[in-house]
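Welcome! Here is a friendly walk through one protein model, taken a few places at a time. Have a look at the sequence and the structure first.

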Amino acid sequence: MDIIGLLFEPYIFIPLVFPGLIAAFILLLIIIWLERKIAAKVQLRYGPLYVLKPLGGVIQTVADLLRYLFQEPIIPKGVDRIAFLMTPVFLFGLAYLPLVAIPVSPTYYAFRSDVSLLLVLALTTLAPIFTVLMGWASNNKFSLIGGVREGYLVISYEIPMFLSALSMALLYNSLDLVEIAEAQRRIWGALLNPVAALTMLLLMYMSTSRFPFEIPEAESEIVAGPYTEYSGIIYGLVMGASYVKLYVLSLVYSILFLGGWNPLPSNDAILAGTILFIKAFLLVAIGAFLRAVYPRFRIDQAIGIGWKIAFPLSLISILLSLSLIIGGVSLVG
């Protein structure tokens with residue numbers, strides 16, 4: 001097998017190109033630029049224009065990336081050196097790893113399992129552990145406060161998120177992401193169970209610290225929370241991890257509620273993958289738009305939303321799925 005043919009083998013192409021590392025990297029650059037421009041537009045500012053001004057500073061993010069790559073990483077005195085250096089690596093790795101289990105089409109996937117939905121969600125829930133550890137290892141009061149805030153948020157959103165996802169698994173009678181997407185050829189899951197779709201969308205933005213849930217970082221209150229002491233390429237890793245996690249959850253959401261590669265079911269991996277990517281990109285772009293229009297919640301308000309609103313809604317979504325099943329609605333692929 002030649003090198004080009006080997007590159008297009010699913011077990012290499014998916015982790016490395018799409019929806020893996022290269023696609024995530026390109027999306028990260030576009031979204032950071034888009035986030036800045038939307039916020040600037042809403043707040044009547046120009047936004048970054050220093051590089052390629054005629055095109056709205058479109059490669060300003062690339063210039064920032066080069067700065068992070070070549071900036072000297074500073075390790076402050078008093079930090080736990082091993083934990084301080086290793087936690088960003090694990091944080092980014094765990095945000096990226098679930099991409100391996102995301103199918104691109106009904107026949108093109110790197111890894112398929114009967115429980116791939118649970119596997120992806122379980123991997124995404126491990127990353128916050130390293131954010132909390134990062135806050136402790138930095139030996140800084142702002143970092144510690146940010147880490148504790150992350151811990152409080154995790155407890156308030158994880159259970160409702162799993163319940164919302166499982167309510168859809170009941171409807172599809174499957175935890176396999178390929179079967180879940182194929183089951184939505186006639187009707188998307190969001191139309192049958194809008195309660196689960198709304199709850200999952202809310203919790204997706206909460207779990208990735210998007211506005212109005214950008215509470216662990218909260219620059220105007222605690223500098224940058226758990227990331228305060230990080231600089232250079234290490235800061236690039238921790239900043240990129242939340243965007244990659246949002247990208248992963250947007251792909252999962254697209255498969256779970258928006259039909260995956262439907263309404264154009266195709267065994268053509270390029271067409272199916274393009275449809276899936278566009279849906280995920282729109283969800284990430286909505287997250288970028290929220291930054292410009294919503295103020296940040298307090299930590300007690302966010303926890304209240306998790307337990308008093310999201311948790312009851314997730315239980316209602318399970319009851320709704322059960323009532324649909326009892327009523328004879330079948331979405332088995």
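## A short tour of the model

Ser 231 sits in the loop that links α11 (219-222) to α12 (232-257); helices here are DSSP runs (H or I, at least four residues), numbered from the N terminus, as strands are (E, at least two). This is a predicted model, in which local features need pLDDT of at least 70 and side-chain atom pairs count only at pLDDT 80 or more, while totals for chains, interfaces and linings use all residues. Residues are numbered from 1 along each chain as its sequence is written, and side-chain values use heavy atoms, with hydrogens and water left out.

Is Ser 231 buried or exposed? Ser 231 counts as buried, since its relative accessibility is 17%; buried means under 20% relative accessible area, exposed means over 50%, and partly exposed is in between (1.4 Å probe, protein chains only). Leaving aside residues up to four places away in sequence, Ser 231 touches Gln 71, Glu 72, Pro 73 and Ile 74, where contact means heavy atoms within 4.5 Å.

Next come the salt bridges. A salt bridge is a side-chain nitrogen of Lys or Arg within 4 Å of a carboxyl oxygen of Asp or Glu, and by this rule the count comes to seven. Three of them are listed here.

| Pair | N to O distance | Accessibility of the Arg | Accessibility of the acid |
|---|---|---|---|
| Arg 36 and Asp 64 | 2.6 Å | Arg 36: 28%, partly exposed | Asp 64: 11%, buried |
| Arg 185 and Glu 182 | 2.4 Å | Arg 185: 52%, exposed | Glu 182: 17%, buried |
| Arg 296 and Glu 214 | 3.0 Å | Arg 296: 23%, partly exposed | Glu 214: 9%, buried |

What does the pair Arg 296 and Glu 214 tie together? Arg 296 lies in the loop between α13 and α14 (299-326), and Glu 214 in the loop between α10 (194-207) and α11, so the bridge ties together parts that are 82 residues apart in sequence. Through shared partners, salt bridges join Arg 149, Glu 214, Glu 221 and Arg 296 into one network.

The side chains of Arg 36 and Asp 64 also meet in a salt bridge. Arg 36 belongs to helix α3 and Asp 64 to helix α4 (residues 60-70), so this pair ties together parts that are 28 residues apart in sequence.

Helix α3 has another partner too. The axes of α3 and helix α13 (residues 269-293) come within 8 Å and cross at roughly 35°; axes are lines fitted to C-alpha atoms, for helices over the stretch in contact, and angles run from 0 to 180 degrees between N-to-C directions. The crossing is right-handed, meaning that the near helix is turned clockwise from the far one by less than a right angle. Among the residues that make the contact are Leu 27, Ile 30, Ile 31 and Leu 34 of α3, and Phe 277, Phe 281, Val 284 and Ala 285 of α13.

Finally, look at the surface. Ile 4, Leu 7, Phe 8, Leu 16, Leu 21, Ile 22, Phe 25, Ile 26 and Ile 30 make a nonpolar patch of about 780 Å². Such patches are made of residues with over 30% relative accessible area and no salt bridge, with nonpolar side chains (Val, Leu, Ile, Met, Phe, Trp, Tyr) joined within 5 Å and like charges within 9 Å. Accessible areas come from the Shrake-Rupley method with a 1.4 Å probe, and for residues only the protein chains shown count as cover. The elements that give two or more residues to the patch are α1 (3-7) and α3 (21-42). Of these, α3 gives the most, with five residues. Ile 4, in helix α1, is exposed with a relative accessible area of 54%.
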